Amino acid sequence: GRVVGFQAIGGVGVAQAYGHLIMMARMGLDVGMQAVIARAVGARRIDLANHAAMQAFTLTFLVSLILAIAGVALAPVLLQVLGISPSVVDVAVAYLQYQFISSGVQSFRQTTGAALQASGDALTPMKSTITSRLLHLIFTPFLIFGWLGLPDMGIAGAAAANAVSQLVGVAWNLHALGKGSSRLHLRVQDYRLDFPLMWRIIRIGAPATATQMERGLSEMMLIRLVTPFGDIALAAYSLTRRLERMTNIGSQGMGRASGVLVGQNLGAGLPERAKLTVKWAVGYVMVIRGFAGVLLILFPAFFISLFSHDAQFVAAAIIWLRIQAVAGTMLGGGQVFQQSFNVAGDTLAPMYVTFMSMWVMEIPLAFALSRWTPAGAYGIAIAIAVAMLFRFLLYGGYYLTGRWTRARVLEGIYE
C-alpha cells in the first residue's frame, strides 16, 4: 500500500496467488461437504448432516496442515520459479511463508462456516468473517511497524496478523456448531471416523478441487506471462486481481446462498424451485457487478491511488482495471452458476467449463495477444476479459439443460 513501493505490491500479489492456490487445493472438500449437508437438511436428515460436517473437518485439518508445512519450506523456490525479479523475491519470501500459515487457519474458518451455511445459517459465518477481517485490519499495523514492543515484521506482519485473526473466526464458528444455535449441533461424543462417507465427500468434491486448481494454476501461468514486462506490469496485474476479488465478495455471497438453496430444494424434491433460485441469483449478481464495474471504469485512479501514487504504475493500472471491469458482470454471473452446480452435487460441469475457458481460451489467447500483437501486456488483460464472457456463455447453456438437478448425492448413504 502507501507504506511500500510497487515491488512490494507485486510481491504481495504473487504471494496471495499462492495463498489462493492452497485454498483452492482443499476447497473441493467444502463443496463435497456442503452438497451432502444441504441435501441432508432438505431431506430432514440432520443426524447425517452433523456426521458429514465432522468428517469434512477431519479431512480439512489434515490437508491444510500438509500444504502449510510444504509451503513454508518451499517459499523461496516457489517465487523464483515464476521468474520474479530478485528485488520482489526479497520482499515477498517472509510474507509468503506467513501467508501459507494463515491460509491453513483460514481454511478451517471457511470449512466450519461452509457447514453452517449449508445448514441455512449464513449469519454466524458472516459475523466470524467480519470479525476476522476487522481484527486483521487492527493487528496489521502493530506487526508491520512493531508498535507496543511487538516485532517489526514489515509486510510479513500483514500475513501474520491474518493468521491470528482467522483463529478468532474459527473459534466463533466452532462455538456456534457446538452450542447448536443452527440446525447443526456437533458433539465430541458423536464423533467417529467414517471412511465411506469421507470418500463420498472427496468423490463429489474432487472435480471442484480440480476446478479451483485449474483456476489457481492458470493464475500462476498468467503471472509468468506478465513478469517479462517488468515490475510495474506485474504490480498492475496484481492490483487489478486484488480489486477484482474485492468486488467478487457480493457475487460469491449470492452464489453460496444460491447453492445452499439449490441443494436443500433438491433434497426436498423440488427441482423447479432450484432452477428458479439460480435464475434470480444470477440476475441479482449481474446488476450488482454491473454497478461496481461502472464505478471502476469511471473512477479507476481513485481506487488505484489507495494503494500507490507512483505515476507510471497508476497510468498502467488504469488501463488494466478498465479492461477487467468491462467483463466483471459476466464473471459474477459465472460464479453463481458454478457454486449452484457444485452444491447441487454436479461438480464435473464446472470443471470442464473452467478448463475450456481458462486453458483452451484464456492462456493461449493471453500468450498470443501479449507476444504477437501491439497490445503487449494489456493483451493479457484482454484475454482474461474474453475468457470471462466465454465461461458465462458455457454455464448459461448448461443451466438450460437441467442436467445439474439430477446429480446423485445421498443415494446409497445409510439407506
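1. A good place to start in this predicted model is Asn-265. Setting aside residues up to four places away in sequence, Asn-265 touches Leu-270, Arg-273, Ala-274 and Thr-277. The residue itself belongs to helix H7, which covers residues 231-267. Its relative accessibility is 9%, so Asn-265 counts as buried, the cut-off for that class being under 20%. Two of its partners, Arg-273 and Ala-274, have numbers that fall in helix H8 (residues 271-298).

2. Staying with helix H7, have a look at Met-254, which is also placed there. Is Met-254 buried, partly exposed or exposed? Its relative accessible area is 25%, so it is partly exposed, given that the partly exposed class lies between the 20% and 50% limits. Beyond the residues up to four places away in sequence, Met-254 touches Ala-281, Tyr-284 and Val-285. There is a long-range neighbour to check as well: the C-alpha atoms of Met-254 and Val-336 are separated by 6.8 Å, although the two residues are 82 apart along the chain.

3. Next, the pairing of helices H8 and H10. Two packed helices are described by the angle between their axes and the distance between the axes. For H8 (residues 271-298) and H10, the angle is about 165 degrees and the axes are 8 Å apart. An angle over 145 degrees counts as roughly antiparallel, and H8 is therefore roughly antiparallel to H10. By class, their contact has 15 nonpolar, eight polar and two charged residues. As for handedness, H8 and H10 make a right-handed crossing.

4. Helix H10 also takes part in the aromatic story. The whole structure holds 16 aromatic pairs. One of them joins Phe-341 and Trp-404, with 5.4 Å from centre to centre and 40 degrees between the planes, which makes the pair tilted. Phe-341 lies in helix H10 (residues 311-343), while Trp-404 is in the segment after helix H12 (378-401), so the pair ties together parts that are 63 residues apart in sequence. Both Phe-341 and Trp-404 are buried.

5. That pair is worth viewing together with its surroundings. Which residues do ring pairs link into a cluster with Phe-341 and Trp-404? The cluster also takes in Phe-337, Phe-392, Tyr-395, Tyr-398 and Tyr-399. If you colour these side chains in your viewer, remember that Phe-341 sits in H10 and Trp-404 in the segment after H12.

6. Now for the other helix pair, H3 and H5. The axes of helix H3 (residues 86-119) and H5 come within 8 Å and cross at roughly 20 degrees. Why are they described as roughly parallel? Angles under 35 degrees fall in that class, and H3 and H5 are therefore roughly parallel to each other. The residues of their contact divide into 16 nonpolar, nine polar and one charged. H3 passes H5 in a left-handed crossing, whereas the crossing of H8 and H10 is right-handed.

7. A single residue gives a nice close-up of this region: Ala-159, in helix H5. Ala-159 is buried, since its relative accessible area is 1%. Leaving aside neighbours within four places in sequence, its contacts are Tyr-95, Tyr-98, Gln-99 and Ser-102. One of these, Tyr-95, is 64 residues away along the chain, yet 6.1 Å separates its C-alpha atom from that of Ala-159.

8. Thr-124 is another buried position to visit. Thr-124 is placed in helix H4, and with a relative accessible area of 12% it is buried. Apart from neighbours within four places in sequence, Thr-124 is in contact with Leu-116, Trp-172, Asn-173 and Ala-176.

9. Finally, two loop residues deserve a look at their backbone angles. Arg-44 is not a glycine, but it has a positive phi of about 65 degrees. Where is Arg-44 found? Its place is the loop between helix H1 (6-42) and helix H2 (46-80). With 76% relative accessibility, Arg-44 counts as exposed, because the exposed class starts over 50%.

10. The other one is Leu-148, a residue other than glycine whose phi is also positive, near 55 degrees. Leu-148 is in the loop between helix H4 (123-145) and helix H5 (156-179). Its relative accessible area is 76%, and Leu-148 is exposed.

Note on methods: Residues are numbered from 1 along each chain as its sequence is written. This is a predicted model: local features need pLDDT of at least 70, side-chain atom pairs count only at pLDDT 80 or more; totals for chains, interfaces and linings use all residues. Side-chain values use heavy atoms; hydrogens and water are left out. Helices (H or I, at least four residues) and strands (E, at least two) are DSSP runs, numbered from the N terminus. Buried means under 20% relative accessible area, exposed over 50%, partly exposed in between (1.4 Å probe, protein chains only). Contact means heavy atoms within 4.5 Å. Axes are lines fitted to C-alpha atoms, for helices over the stretch in contact, and angles run from 0 to 180 degrees between N-to-C directions. Angles under 35 degrees count as roughly parallel, over 145 as roughly antiparallel, 65 to 115 as roughly perpendicular and the rest as oblique. A crossing is left-handed if the near helix is turned anticlockwise from the far one by less than a right angle, and right-handed if clockwise. Ala, Val, Leu, Ile, Met, Phe, Trp, Tyr, Cys and Pro count as nonpolar, Asp, Glu, Lys and Arg as charged, and the others, Gly among them, as polar. Rings of Phe, Tyr and Trp (its six-membered ring) pair if their centres lie within 6.5 Å; planes under 30 degrees apart count as stacked, over 60 as edge-to-face and the rest as tilted.
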